[in-house]
Amino acid sequence: MATVTLTTANFDEVTSKDGIVLVDFWASWCGPCVRFAPTYERSSEKHPEITFGKVDTEAEQLLAAKFDIRSIPTIMAIRDGVVVFAQPGALPETSLESLIEKVEELDMDEVREQMAAHRKGAHGETAEATPAEKAPAAPAKEEAAAGRS
C-alpha cells in the first residue's frame with residue numbers, strides 16, 4: 001500500500017517536510033470516500049515521490065476539527081509544510097492528476113511571499129490573497145461529473 005495513515009501523533013511530522021503531501025480525509029461509512037479510494041491509491045502508485053496520506057475522520061476527530069472538515073472526502077495538498085489546496089469532493093482521476101501537476105508547478109518562494117504579505121495585512125495593511133486562495137482552481141462540477149463512472 002502506497003498510502004500513509006495520518007494521525008494526530010504523526011500528522012505534523014509527515015506534513016512539515018519538504019515536498020508534496022496529499023491528504024485524503026475520509027470515513028469508512030462514506031460511499032464517495034470508498035469509491036474514491038482506488039483512484040487515490042492508483043495515483044499514489046504513479047507518484048512515489050509524493051506522500052499520499054489518509055485521515056480517518058472517525059478515528060481522528062481532532063484532526064478533522066483542526067482543519068474544519070465538514071464534508072468528506074476532502075482532498076488537501078501540502079507542499080513544503082504549507083497547505084496550498086483543500087477541496088471537498090471525490091476527484092476524477094484526471095482532475096487529481098491535474099491537481100498534482102499544479103502543485104508541482106507552484107513557486108514556493110512566491111507562495112511564502114504571499115503568506116508574509118497576508119500576515120502583514122492582518123495587522124492593518126492591505127493584503128494579497130493567501131496561497132490557498134491562489135491555489136489551483138477546483139475542477140468544474142461538469143468536469144468532475146464527466147469523469148465519474
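Biologist: Let's start with lysine 54 and aspartate 24: are they buried or exposed?

Modeller: Happy to, and please keep in mind that this is a predicted model. The cut-off that matters here is a relative accessible area under 20%. By that standard, the answer for both lysine 54 and aspartate 24 is buried.

Biologist: How many residues apart in sequence are the parts that this pair ties together?

Modeller: The two side chains meet in a salt bridge, at 2.8 Å from N to O. Lysine 54 belongs to strand β3 (residues 51–56) and aspartate 24 to strand β2 (residues 20–26), so the parts they tie together are separated in sequence by 30 residues.

Biologist: And how many salt bridges does a search of the whole structure find?

Modeller: As a reminder, side chains of opposite charge can pair when their charged atoms come close. The search of the whole structure turns up salt bridges, and their number is eight.

Biologist: Which helix holds the glutamate that meets arginine 42?

Modeller: Arginine 42 forms a salt bridge with glutamate 93, at 3.0 Å from N to O. This pair ties together parts that are 51 residues apart in sequence, because arginine 42 lies in helix α2 (residues 31–46) while glutamate 93 lies in helix α4.

Biologist: What does a relative accessibility of 41% make arginine 42?

Modeller: The class between buried and exposed runs between the 20% and 50% cut-offs. Glutamate 93, at 25%, counts as partly exposed. Arginine 42, at 41%, also counts as partly exposed.

Biologist: Where does aspartate 80, the partner of arginine 112, sit?

Modeller: The side chains of arginine 112 and aspartate 80 meet in a salt bridge of 3.5 Å, N to O. The pair links distant parts of the chain, 32 residues apart: arginine 112 is in helix α5 (residues 108–121), and aspartate 80 is in the loop between β4 (74–79) and β5 (82–88).

Biologist: Which residues do salt bridges with shared partners join into one network?

Modeller: Arginine 112, just discussed, is partly exposed at 37% relative accessibility. The network is made by salt bridges that share partners, and its members are Arg42, Lys46, Glu93 and Glu97.

Biologist: Which residues does threonine 39 contact, leaving aside neighbours within four places in sequence?

Modeller: Threonine 39 has its place in helix α2. Its relative accessible area is 11%, so threonine 39 is buried. With those sequence neighbours set aside, its contacts are Leu91, Pro92, Glu93 and Leu96.

Biologist: In what order do the five strands form the sheet?

Modeller: In general, strands of a sheet pair through backbone hydrogen bonds, either parallel or antiparallel. In this open sheet the pairing is mixed, and the strand order is β1-β3-β2-β4-β5. β1 (3–5) and β5 each have a single partner strand, so one side of each is left without a neighbour in the sheet. From one strand to the next, the twist averages 25 degrees.

Biologist: Which residue is the bridge partner of valine 21 in β4?

Modeller: β2 and β4 run antiparallel and are joined by six bridges. Within β4, the partner of valine 21 is isoleucine 78.

Biologist: How many residues of β4 are buried?

Modeller: Both faces of β4 are covered, with Thr74, Met76 and Ile78 buried on one side and Ile75, Ala77 and Arg79 buried on the other. β4 is largely enclosed by the rest of the structure, because the buried count is six of the six residues.

Biologist: In the hairpin of β4 and β5, which residue takes a positive phi?

Modeller: β4 and β5 pair in the antiparallel sense over six bridges, and the bridge partner of arginine 79 is valine 82 in β5. The hairpin has two residues between the strands, and the one with a positive phi near 50 degrees is aspartate 80.

Biologist: Against which strands do the buried residues of α5 pack?

Modeller: The buried residues are Met108, Val111, Gln114 and Gly121. They cover an arc of only 135 degrees around the axis, which puts them on the same side of α5. The face turned away from that buried side carries the exposed residues Asp109, Glu113 and Lys120. The strands that the buried residues pack against are β4 and β5.

Technical notes. Residues are numbered from 1 along each chain as its sequence is written. This is a predicted model: local features need pLDDT of at least 70, side-chain atom pairs count only at pLDDT 80 or more; totals for chains, interfaces and linings use all residues. Side-chain values use heavy atoms; hydrogens and water are left out. A salt bridge is a side-chain nitrogen of Lys or Arg within 4 Å of a carboxyl oxygen of Asp or Glu. Helices (H or I, at least four residues) and strands (E, at least two) are DSSP runs, numbered from the N terminus. Buried means under 20% relative accessible area, exposed over 50%, partly exposed in between (1.4 Å probe, protein chains only). Contact means heavy atoms within 4.5 Å. Two strands pair if DSSP finds at least two bridges between them. Axes are lines fitted to C-alpha atoms, for helices over the stretch in contact, and angles run from 0 to 180 degrees between N-to-C directions. The arc is that of the directions from the helix axis to the C-beta atoms.
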